[in-house]
Amino acid sequence: MQKKDWYLLIICFLILPVLFDQFTKWIVLFLLGDNTVALGPIVLEVYKESLIISNQLNLAQYVKIISSFGFSILFLFLFFVLNLMLTKKIMGFRISITVFVAGMLSDTVDMIFHGASQDWVTLFGAHLNLSDLYLLIGVILVLFFSIKDHALIFRKNELRKTILIEKDQIVFLLNMLFGYVLFIGAVFVFFLSFIKIIFNHFVPISPDTQVLLIRVFFILFSILSICFLLIMVAFLLYISNKIYGPIYAFKKHIRDVFLFRSSVRPFSTRKGDHFSDLSELVDELQSKYIKGGKIKEEKS
């Protein structure tokens, strides 16, 4: 299976469960309406906690919206990072993460378009839907495959000896992280201004409630920003090692060639590194340089 086909399969595993969850909710809403069907401990009913947009601000609902949307984006970002970093052999682990993220996105779609998560199954007083089932199955499968595929996930033979390879790599990481901090600061200012405009012109509330809401927003935003930062650091280390690893190996290889070491091995890069086509060019240059340069000099 080619790489593009693999990513297409993973995206389908991500999108189809969300669409199926929304379709089942539409079917249940169409068939049940306001009715209730009891089947022993299982009760089929449409349960929806409506979002209140009025002078009476329900703070808990807004916190749920902010946290649900923010953490869904966080897990979606983590999902794409892990699919980029992990080997394609770990199919079960990848699909497990996909199922979990699909559950997060299903709830987020409800929160955005309906103001609350739409549940249609009540089991022993707990309101559930398919997205809750996705989350549960995803967590169980992630734990299972983390144990089963431990050797594939943490590949000792393919891990680099040092986290940072080149000095220039530090400058690269700092520049990228500085850009991230500027971006996060701009996003924070934008959303803070947006919230103030909403409550000053459309949903007038008391100053105390505004302060409380902004405080909650700041706490949630800070938590998400730190989580994003940790994922970003791991992602940048992974990407920069893929770039600076071949550069380091190339410099070391050329240095050995210039010292006329007879034990110089053919130049090669790690699987997945950038500049993979450089090995053929370097090996060709090495063979011509040693045979046409060193041997002639020794004979003369």
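**Note on side-chain contacts in the predicted model**

1. A nonpolar patch lies on the surface, made up of Val37, Leu39, Ile42, Leu123, Phe124 and Leu128, and together these residues have about 510 Å² of accessible area. The model is a predicted one. Within the patch, Ile42 belongs to strand E2, which covers residues 42-47. Ile42 has a relative accessibility of 34% and therefore counts as partly exposed.

2. The salt bridges in the structure number 2. One of them joins Lys25 to Asp21, with 3.0 Å between the closest N and O atoms. Lys25 and Asp21 sit 4 residues apart in helix H1, so about one helical turn separates them. Lys25 is buried at a relative accessible area of 6%. Asp21 is buried too, with a relative accessibility of 0%.

3. Lys25 also forms a salt bridge with Asp110, at 2.1 Å from N to O. This pair connects distant parts of the chain: Lys25 is in helix H1 and Asp110 in helix H3 (residues 91-114), with their positions 85 residues apart. Both Lys25 and Asp110 are buried. Asp21, Lys25 and Asp110 are thus joined in a network of salt bridges. As background, side chains of opposite charge can pair when their charged atoms come close.

4. Aromatic pairs number 14 in the structure. In one of them, the ring centres of Phe23 and Trp26 are 6.3 Å apart and the planes meet at 25°; the pair counts as stacked because planes under 30 degrees apart fall in that class. Phe23 and Trp26 are 3 residues apart in helix H1 (residues 3-32), which puts about one helical turn between them. Phe23 is partly exposed, at a relative accessible area of 48%, whereas Trp26 counts as exposed at 52%. The cut-off for exposed is over 50%, so the two residues fall on either side of it.

5. A further pair is formed by Phe217 and Phe221, whose ring centres are 5.6 Å apart; with the planes at 40°, the pair is tilted. Phe217 and Phe221 lie 4 residues apart in helix H7 (residues 207-258), with about one helical turn separating them. Phe217 is buried at 6% relative accessibility, and Phe221 is buried at 15%. Phe217 and Phe221 belong to one aromatic cluster that also includes Phe188 and Phe218.

Definitions and conventions: Residues are numbered from 1 along each chain as its sequence is written. This is a predicted model: local features need pLDDT of at least 70, side-chain atom pairs count only at pLDDT 80 or more; totals for chains, interfaces and linings use all residues. Side-chain values use heavy atoms; hydrogens and water are left out. Rings of Phe, Tyr and Trp (its six-membered ring) pair if their centres lie within 6.5 Å; planes under 30 degrees apart count as stacked, over 60 as edge-to-face and the rest as tilted. Helices (H or I, at least four residues) and strands (E, at least two) are DSSP runs, numbered from the N terminus. Buried means under 20% relative accessible area, exposed over 50%, partly exposed in between (1.4 Å probe, protein chains only). Patches are made of residues with over 30% relative accessible area and no salt bridge: like charges are joined within 9 Å, nonpolar side chains (Val, Leu, Ile, Met, Phe, Trp, Tyr) within 5 Å. Accessible areas come from the Shrake-Rupley method with a 1.4 Å probe; for residues, only the protein chains shown count as cover. A salt bridge is a side-chain nitrogen of Lys or Arg within 4 Å of a carboxyl oxygen of Asp or Glu.
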